[in-house]
Amino acid sequence: MLTFSVLVLVVLGYADASPSKRHLSTSCDLSCARLQVPANQTQLIAPTYAPSFIGIGVGTQNYTCNATESTYALVGALAEIFDSSCLYGTPAFESAPTRVYDVWSATTGIKIREVITILGLTHDPAVLGQHYYVPNPVGSGLSPKWDFTSSGVTAGNPNAYVTGAKIGDLPSSNSSNIDNLMVKAVEGELASEVFRVETNGGQPPTRCVAGDSNITVKYTAQYWFF
Ligand SMILES: *[C@@H]1O[C@H](CO)[C@@H](O)[C@H](O)[C@H]1NC(C)=O
Ligand SMILES: *[C@@H]1O[C@H](CO)[C@@H](O)[C@H](O)[C@H]1NC(C)=O
Ligand SMILES: *[C@@H]1O[C@H](CO)[C@@H](O)[C@H](O)[C@H]1NC(C)=O
Ligand SMILES: *[C@@H]1O[C@H](CO)[C@@H](O)[C@H](O)[C@H]1NC(C)=O
Ligand SMILES: *[C@@H]1O[C@H](CO)[C@@H](O)[C@H](O)[C@H]1NC(C)=O
């Protein structure tokens, strides 16, 4: 029996070394985790199975003024994604995006990684990866990307990213907060679906005028990767 187990581990160990399959899930146990989405809406459809990562995104949404429309248009974002998987099932998990946002939004000059350290909300490795936008690989405009290729348990795996297309958009009940999103994968092996929920901040002012500077608006959110 022991010999058999060792053999299985050895075989799994070899399978595990393939770059495309290696460590595409958190080291924390998420087997009981299920995404809850609001009732009576059709935009977000929660998978019935467990996610492979749950992260807290801390960063900015970036906008430029569209002078024709006198409104801000999204031109990108930059966020660090911290692993909050180990907090799942604790009160800290629920409160983390808001607690982090309160520090992040109130403190000028603070670095993203300092926020999370102050709150002591992470385990090691704390950083899962980065979130930003890239040119749409299959069409026009911008696409969101979550890039875990250089951080955490997925570091060094060139396929540990996902570039996605939005397939569901549910505005937050608080108009200061960016929308909840359901995104399907277009490229990459990190996930087949990503959800942005529990958003705090990130919305631009409602109006702008020609000549207004580009702006960055701080936000936090929970990201679920399936
Ligand atoms: C969803 O809709 C049903 C039927 O209209 C209603 O009874 C229920 O209270 C709604 N639930 C929520 C959470 O709004
Ligand atoms: C501004 O908005 C208009 C109308 O939606 C759009 O046609 C145009 O491309 C936008 N301009 C820029 C610079 O994005
Ligand atoms: C977005 O803003 C961040 C600062 O928060 C900046 O570092 C990044 O280059 C910006 N990206 C784009 C595409 O504007
Ligand atoms: C709305 O969200 C903002 C930013 O997250 C927060 O400061 C504000 O207190 C919220 N308002 C309400 C009524 O919850
Ligand atoms: C503002 O953002 C737009 C779109 O990314 C870019 O083309 C432009 O150069 C930026 N303007 C400044 C002053 O950085």
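A polar contact is a pair of N or O atoms within 3.5 Å, and within protein one of them must be able to donate a hydrogen and the other to accept it. With that in hand, Ser-151 is a good place to begin: its side chain makes such a contact with the side chain of Gln-130, at 3.3 Å. Please keep in mind that this is a predicted model. The briefing below goes from the overall fold to the cores, then to ligand 4 and a few loop residues.

**Overall fold**

- The protein has 3 helices and 8 strands.
- Following the sequence, these elements come in the order α-β-β-α-α-β-β-β-β-β-β.
- Of the 226 residues in the protein, 44% are buried.
- The protein exposes about 11,400 Å², and carbon and sulfur atoms supply 56% of that area.
- If you take contacts between residues at least 6 apart in sequence, 61% of them join residues at least 24 apart.

**Nonpolar cores**

- The largest nonpolar core holds 27 residues, and Val-58, Val-100, Phe-195 and Trp-224 have the most contacts inside it.
- Four elements each supply at least two residues of this core: strand E1 (53-66), helix H2 (91-106), helix H3 (112-119) and strand E7 (193-201).
- H2 gives this core its largest share, 5 residues.
- Val-100 is worth a closer look: leaving aside residues up to four places away in sequence, Val-100 touches Val-58, Val-115, Ile-116, Leu-119, Leu-121 and Thr-220.
- There is also a second, separate core of 24 residues, with Leu-24, Cys-65, Ile-81 and Tyr-223 among them.

**Around ligand 4**

- The residues surrounding ligand 4 are Tyr-101, Asn-174, Ser-176, Asn-177, Asn-200 and Gly-201.
- Sorted by class, this shell consists of 1 nonpolar and 5 polar residues, with no charged ones.
- Two asparagine side chains approach oxygen atoms of the ligand: a polar side-chain atom of Asn-174 lies 2.3 Å from one oxygen atom of ligand 4, and an N or O atom in the side chain of Asn-177 is 2.9 Å from an oxygen atom of ligand 4.
- On its own, ligand 4 would expose 360 Å², and the protein buries 39% of that.

**Ser-151, a buried loop residue**

- You will find Ser-151 in the loop between strand E4 (142-147) and strand E5 (161-170).
- Ser-151 has a relative accessible area of 9%, so it counts as buried, the cut-off being under 20%.
- Setting aside residues up to four places away in sequence, Ser-151 touches Val-127, Leu-128, Gly-129 and Gln-130; the side chain of Gln-130 is also its polar partner.

**Two positive phi angles**

- As background, most residues other than glycine have a negative phi.
- Asn-40 is not a glycine, yet its phi is positive, near 60°.
- Asn-40 sits in the loop between helix H1 (2-16) and E1, and its relative accessible area of 84% makes it exposed because the cut-off is over 50%.
- Ser-70 also has a positive phi, of about 55°, without being a glycine.
- The place of Ser-70 is the loop between E1 and strand E2 (71-83).
- With a relative accessible area of 22%, Ser-70 is partly exposed.

How values were computed:
Residues numbered from 1 in each chain as written. Chains lettered and ligands numbered in written order. Predicted model: local features only at pLDDT ≥ 70, side-chain atom pairs only at ≥ 80, totals over all residues. Heavy atoms only, no water. Near = heavy atom within 4 Å. Areas by Shrake-Rupley, 256 points an atom, 1.4 Å probe, with all protein chains shown as cover. Nonpolar A, V, L, I, M, F, W, Y, C, P; charged D, E, K, R; others polar. Core = buried A, V, L, I, M, F, W, Y, C linked by side-chain atoms within 4.5 Å. Buried < 20%, exposed > 50% of the residue type's maximum accessible area, 1.4 Å probe, protein only. Contact = heavy atoms within 4.5 Å.
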